[in-house]
Structure formats: C-alpha cells, structure tokens
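Hi there,

Here is the structure I promised to pass on to you. Have a look at it first, and then read on for what turned up in it.

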Amino acid sequence: VPSLSDPSVPSSGVSCSGCGAEMQCGDSGAPGFVPAEKYRSLLSEGPAALRGAVCQRCWTLAHHGSALRLRLPPDEHRRVVSAALRRPPRHGRGPLLLYVLDVTELPDPVLPQLPALLGPDVPAAGVLVVGNKVDLLPADCRGHLGRLRQRVAAACALAGLRGGALVDIRLVSAKTGYGMEGLISRLQRSWKCAGDVYLLGATNSGKSTLFNTLLRSDYCKSRAPDIIDRATVSPWPGTTLNLLKFPIINPTCDRIFRRQERLKEEAMKTEDQLSSEEKKYLNQLKKQGYLVGEVGRTFQQQKSSAEIDFDPDMLSYSMDEDPRDAPKKHEEREEFTHNEVKDARWCFDTPGIVKEDCVLNLLTEREVKLVLPSHAIVPRTFILRPGMVLFLAALGRIDYLEGEKPAWFSVLASNLLPVHVTALSNADTIYEKHAAQEFLKVPMGGEERMKEFPPLVPQDITLKGIGTTEAVADIKLSSAGWVAVTAHAEEELLLRAYTPKGTALVVREPPLLPYISAIRGARIPGTPAYRTKKPPSFVENLRSTASR
C-alpha cells in the first residue's frame, strides 16, 4: 500500500480553497494535507487543478461531516490573526474589524482578549460587533432582541470596547439570513469601500458561515463567487486555518439605488407570492430558526443551489478509497483580471480563536455535533423541590439543596441533549451507571471513554428569587447550554452546579431570556416536567398575509 504522505515533495504555495491552509503532502497531521498520490496527480494537471482543489480535511468535513485531528495549538491561531492585523494599512486606512460573537455564549469568552490581540500598534479603524445565532433563541417576550442587543453592548463595555472604537452592534443569523441585508446596508453606508475588513471571533461563533453568506451577497464583487470557493462550514473548533478572502464591491450611488429598489420590491411580496422552490427553502429555514431572512443579489443571478460548491469528482478520495482512478475532469478555472483586483478592498475570514476552559475542547466530533445547537432551541422547563437534581447529558448537573418552595428550571441547550431529573440520593449512582451510555448520551463510548474524561466538579451558588414569572439568573454549564432559574420573590435558594473539571461554569446575571419559563405547555402529570412549546418563526422582509 503506498504511503499517504511524502515529506520529500515541497509545499505547493497554493492555499486550500476551503480553509486557506497551504496545501502539502508531507505531513498528514498538519493543515492543508492532500494524500501524496492525489497531490502529484493535481500537480501534473497544472496550477488551475491545484487551485480548484481542497485539502483532505475540508473534503471529509464537507462530505462526511468529520474532521481529522490536527496539531494546531491555540497560540498558533492567535499568532496568525495577530500577524494579519499588524500588516501595514493598505489604501492609507486601517482595517474595519467585524467581531462575530455567538449570542448564546454571552458573556463572550474571547471578547476580553480582543484589546490584547489588537495591541497599541494595530491601526484598526474600529470594531463592528455582530451578534450571531439569534435565530436559535426563542422570544420570551416582546422586545427580546432589543434586550439582547443591550446584553451584547454590556459585554463589549466589560471587555473595554466602547466609545469610538465600537462602530455598531448588529444582531444576525448568518445561517438563516436574518439581519444580514441590514448588516450589508450598514457596511456599505458607513464603511463604503474605505479599507479592508477582517472577520474575527471565537471558534464556533459562525464566522465562516457569515463569510459564506457575505460572499453570496451584494457585499462581494459580482463575479467573485464564481471564482472563490466558500469556506468549509463545520462545527469542529478551529476550522479556518489561514486567511480566506473575497473582494468587496464598491457601493457606488447607482449600485446603492438599484439595491434599495430590489429590497423595496422584495419587502412588498407575501409568502404566497414566492415560487415553490423559494417556499420550500423558506420552510427549511423556519424549521432551523425562529428568525429568518432572505439574502439576495442585485448585481448577478444567484445559483439556486444552497449547498457547498465542491465537485465530488474533482476532489474524490476518502479514507478507504483509492484515489488513483479519479477521473481527470479539471476545467480551467476563471481568474480575476489585474484591473479587478489592483485596487480591491478585501474581506478576510480568519482562524477562530480557541475558547479555553470550554467543554467542546474535551469532545469528539460526533459529540460536538450533538452539543452545538443546529436548530431553534425548544426550552424545556421542570419544577424542582429541594432534594432534586437536574442532569444535562453527563456534561452538567444542578442540585437544588435548600429552599422553602419549588422553583422552575428552564433548560436551553441543543434539542438533541437529554435532560433527566432525579432525587439527590440517586444522582451519584445514575451518573456512575449512565455516563457515556445512551441514557445520558454525551460523552459517548462507555467505560473506556470515562477513564479519560474529567470528573464533574461542584460550585455552590446562592440565588434570591424575584418572582414566579422572571428568572433570577442563568447557570451556564460551559458551552453545553444553560439553565434559567425562576423562584418565588425573596425566596433564597442554595444550589450546587457541576461541570467537567477544567471547564467554565458561569452564573449569568441578569439572565439572557428572563421570561423563558412562561414558554411552556401544561404540566405532565406525575412528573416534574412541563410539555414543551415552540414559538412560531418570524420572516423579515416579507409582507405578512394575516393582520397582526
């Protein structure tokens, strides 16, 4: 069997169009690896073939949803991002930084590192903070987005990001398109085409999804999406390994006018006036998120496919497949002309900054897929008395130790993670018996897995209730999810919360969704659980058919 790697072949100098890493066949554990035989075959077909390919890691992410283990320490991520930001300003102006944070992760663990990452010698023109993944959160009352924006602003102020440095805060869903047209209009109105733009943020904040959405929008030069492949979108931390970029369109007065006309025209449509294909796509998005929006293109017809544009014939190889017989179907790829890029301003995607003390760092790719919410979170509420315990998979545990009255515990986590309530006297036995088994689901892999998995460690928490309709705090179990605690006014609760050793447990006061316990159905007789209730989805930029 021929060896997959060949250290004698030099690196290509060509970046993978999925993750931006330099393609090479010398080290299978390093970024940009392509099996040696495939690599030589691509080289023999000329530069265009290599430029059109992706590395083995991106291919397996796109086709199998699995990631190969890579040796890339967190410091390396920071070094790449920091070096990019310290480049001399082009066009006489420092870059605009689009900092992408996951609103479900507030307070964002990487945001306080931003001033140090920038340092005094980074000539940035400002930071525009994008609160992403708002589509995952159910509305607990009217005006919840305004309150969410205030929470993001408070996190920015706490991290030392305020005043002139903070350009704006926008709430979006890069995945469902909600808020994206507004973000694009804001960028074109204020930043225009003054300088380069860098996307920054923690791993799994949705940065690469935002990059892909902007690439297919009016923010990007009209020919660019046909030339530039989209970044590989995956929940595995640290997917973007080097700098991917696309050229920003110059928002001339004529283009702005034509764009506004398109947006006005689309806002007059009702759902009934959409084509069957558009309706089908919209219904898919509604299943995925509570907030949905369409991102269109004014200056070029968009491809109907919403899938990642990888050609499986061009890239086909897998772990158990012989790549030698892959058909030679490489067409000459389009390239930018000199005039198109000589004065271009670019939008760069950067590697995600790894969150330290994060439970995701302990998990396998299969486990990460279960833990990271991919669809609208359906709140699960339970009523607990003192002496009861709530488990979130085997990743978090909350004991209600002392209190006079029952209290409500609302779980906001991936719908795929199980929640179990039991008596305090049974809790240790249940964990020992069911951790890494199907009952608690994550982690998975039985006794062998638990030998290497850190034990749960406790932290005592005292809370004072503010009323039966409003949560007093969220107990955030690292990145596994959180539990909003609602208790009677002035009622003192003593809780003990657990997360795996080395991961962060955060008491979030005020809570992100204070009225969430009201989003529930009737109590299920004989159990501490309430029936779940999923609020309806809202579509922006479409005229409502029903009166509100």
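To begin with how the chain folds on itself: of the contacts in the protein with a separation of 6 or more, 77% are between residues 24 or more positions apart. Please keep in mind that this is a predicted model. The protein has 548 residues, and 54% of them are buried. You will find 16 helices and 18 strands in it. The accessible surface is about 24,100 Å², with 51% of that belonging to carbon and sulfur atoms.

Now to the sheets. One of them is an open sheet of 6 strands with mixed pairing, in the order 3-2-1-4-7-5. Its edges are strand 3 (166–171) and strand 5 (244–247); each has a single partner strand, so one side of each is left without a neighbour in the sheet. On average, neighbouring strands here are turned by 20° against each other, direction ignored. At one end of the order, strand 5 pairs with strand 7 (residues 346–349) in the antiparallel sense, over 4 bridges. If you want to find this pairing on screen, look for Pro-247, whose bridge partner in strand 7 is Trp-346.

Two helices that pack on this sheet are worth a look. Helix 6 touches strand 1 (96–102), strand 2 (126–132) and strand 3, and its direction makes about 145° with that of strand 3. Helix 7 (residues 180–191) touches strand 1, strand 2, strand 3 and strand 4 (197–201), at about 160° to the direction of strand 3.

The other sheet I looked at is an open one of 5 strands, ordered 12-9-10-16-13, and its pairing is antiparallel. Strand 12 (419–423) and strand 13 (456–464) are the edge strands, each pairing on one side only. Here, too, the average turn between neighbouring strands is 20°, direction ignored. Strand 13 and strand 16 (residues 492–500) form an antiparallel pair over 9 bridges, and within that pair Val-457 stands opposite Thr-499 of strand 16. Helix 15 (residues 424–434) packs on this sheet, where it touches strand 9 (388–392), strand 10 (396–402), strand 12 and strand 13. The direction of helix 15 makes about 130° with that of strand 12.

One residue of helix 15 to pick out is Asn-426. Is it buried or exposed? Neither label fits: its relative accessibility is 38%, so Asn-426 counts as partly exposed. Its C-alpha atom is 9.4 Å from that of Met-388, although the two residues are 38 residues apart along the chain.

Finally, the interior. The largest nonpolar core has 45 residues, and the members that touch the most others are Tyr-99, Leu-111, Leu-114, Val-129 and Val-152. Helix 6 (residues 144–158) gives the most to this core, with 4 residues. At least three residues of the core come from each of domain 2 (74–260 + 338–349) and domain 3 (373–428 + 456–535). For a closer view, try Val-129: leaving aside residues up to four places away in sequence, the residues it touches include Tyr-99, Leu-101, Val-152, Cys-156 and Leu-161. There is also a second, separate core of 39 residues, with Ala-393, Leu-417, Ala-480 and Leu-495 among them.

Enjoy exploring, and write back with any questions!

Best wishes

Notes. Residues numbered from 1 in each chain as written. Predicted model: local features only at pLDDT ≥ 70, side-chain atom pairs only at ≥ 80, totals over all residues. Heavy atoms only, no water. Buried < 20%, exposed > 50% of the residue type's maximum accessible area, 1.4 Å probe, protein only. Contact = heavy atoms within 4.5 Å. Areas by Shrake-Rupley, 256 points an atom, 1.4 Å probe, with all protein chains shown as cover. Pairing = 2+ DSSP bridges. Axes fitted to C-alpha atoms, helices over the stretch in contact; angles between N-to-C directions. Core = buried A, V, L, I, M, F, W, Y, C linked by side-chain atoms within 4.5 Å. Domains from an automatic or database assignment.
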